[in-house]
Amino acid sequence: MTVGEKIKTFRTIRGISQNMLGELAGIGGTTILKYELGIQNPKPDQLLKIANALGVSINVLTDFDIETASDVLTLLFKMDEQIDMEIDGEKDTDGNLLPDTICIRFKHPEINNRLAKFAKAKK
């Protein structure tokens with residue numbers, strides 16, 4: 001997902017227009033449109049203003065080069081260190097999780113609420 005797509009996703013989750021996000025961030029709504037369409041990329045200071053206006057960490061909006069399973073696992077392990085995350089699923093007779101049934105849950109209600117909104121916006 002590009003930076004612009006992430007901005008649009010979080011803006012949509014918040015239920016605000018491009019113009020409103022622009023006002024909150026001190027950036028023109030037309031500029032937000034250009035970011036979302038990938039016509040322009042925000043400079044770091046503008047990206048920080050947008051992240052603050054959306055109520056998210058700037059790290060959420062930056063691009064990560066996630067190309068391998070190892071990249072995904074590294075992010076998951078880092079998340080597990082910083083937030084209360086639970087990995088669960090069906091188990092075999094020896095008590096081992098079955099790989100195709102694994103799910104990740106967060107014990108933080110705000111994370112769950114935002115993920116639910118993200119899933120709805122993604123459809």
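**Salt bridges, burial and the core**

Modeller: Let's start with the tally: four salt bridges turn up in this predicted model.

Biologist: What makes E36 and R11 a salt bridge?

Modeller: The distance does. The closest N and O atoms of E36 and R11 are 2.6 Å apart. The cut-off is a Lys or Arg side-chain nitrogen within 4 Å of an Asp or Glu carboxyl oxygen, so the pair qualifies.

Biologist: And which parts of the chain does that pair tie together?

Modeller: E36 sits in helix 3 and R11 in helix 1, so parts 25 residues apart in sequence are tied together.

Biologist: Why is R11 called buried?

Modeller: R11 has 10% relative accessibility, and buried means under 20%, so R11 falls on the buried side. E36 is buried too.

Biologist: What does R11 touch, leaving out residues up to four places away in sequence?

Modeller: I16, S17, Q18, L21, E36 and L54. So E36, the salt-bridge partner, shows up in that contact list as well.

Biologist: How do you know that D88 and R105 form a salt bridge?

Modeller: Same check, N to O: the value for D88 and R105 is 3.2 Å, and the limit is 4 Å. This pair links distant parts of the chain, with D88 in strand 1 (residues 85–88) and R105 in strand 2 (residues 103–106), 17 residues apart. E86 joins in as well: E86, D88 and R105 are linked in a network of salt bridges.

Biologist: Are D88 and R105 buried or exposed?

Modeller: Neither label fits. D88 has a relative accessible area of 24% and R105 has 38%. Partly exposed is what lies between under 20% and over 50%, so both residues count as partly exposed.

Biologist: What about E110 and R114, where do they lie?

Modeller: Both are in helix 7 (residues 109–122), four residues apart, about one turn of the helix. Their side chains meet in a salt bridge at 2.7 Å, N to O. E110 is partly exposed at 37% relative accessibility, and R114 is partly exposed at 35%.

Biologist: Now the greasy side. What makes the nonpolar surface patch?

Modeller: L33, L37 and I39, covering about 300 Å². Take L33, which is found in helix 3 (residues 29–37). Patch residues need over 30% relative accessible area, and L33 has 32%, so L33 clears that bar while counting as partly exposed.

Biologist: Which residues of the largest nonpolar core touch the most other members?

Modeller: Out of 16 residues, I7, L21, I50, L54 and L61 do. The elements giving two or more residues to this core are helix 1 (3–14), helix 2 (18–25), helix 3 and helix 4 (44–54).

Biologist: And what does L61 contact beyond its neighbours within four places in sequence?

Modeller: V3, K6, I7, F10, L47, I50, A51 and V56. I7 and I50 are on that list, and they are also named with L61 among the core residues touching the most other members.

Biologist: Last one: how do you know that the model deserves confidence, and where is mean pLDDT the lowest?

Modeller: The chain averages a pLDDT of 89, with 98% of the residues scoring at least 70. Among the elements, helix 6 (residues 69–82) has the lowest mean, 82, and helix 2 the highest, 96.

How values were computed
Residues numbered from 1 in each chain as written. Predicted model: local features only at pLDDT ≥ 70, side-chain atom pairs only at ≥ 80, totals over all residues. Heavy atoms only, no water. Patch = residues over 30% accessible without salt bridge, like charges linked within 9 Å, V, L, I, M, F, W, Y side chains within 5 Å. Areas by Shrake-Rupley, 256 points an atom, 1.4 Å probe, with all protein chains shown as cover. Buried < 20%, exposed > 50% of the residue type's maximum accessible area, 1.4 Å probe, protein only. Core = buried A, V, L, I, M, F, W, Y, C linked by side-chain atoms within 4.5 Å. Contact = heavy atoms within 4.5 Å. pLDDT = per-residue confidence, 0-100.
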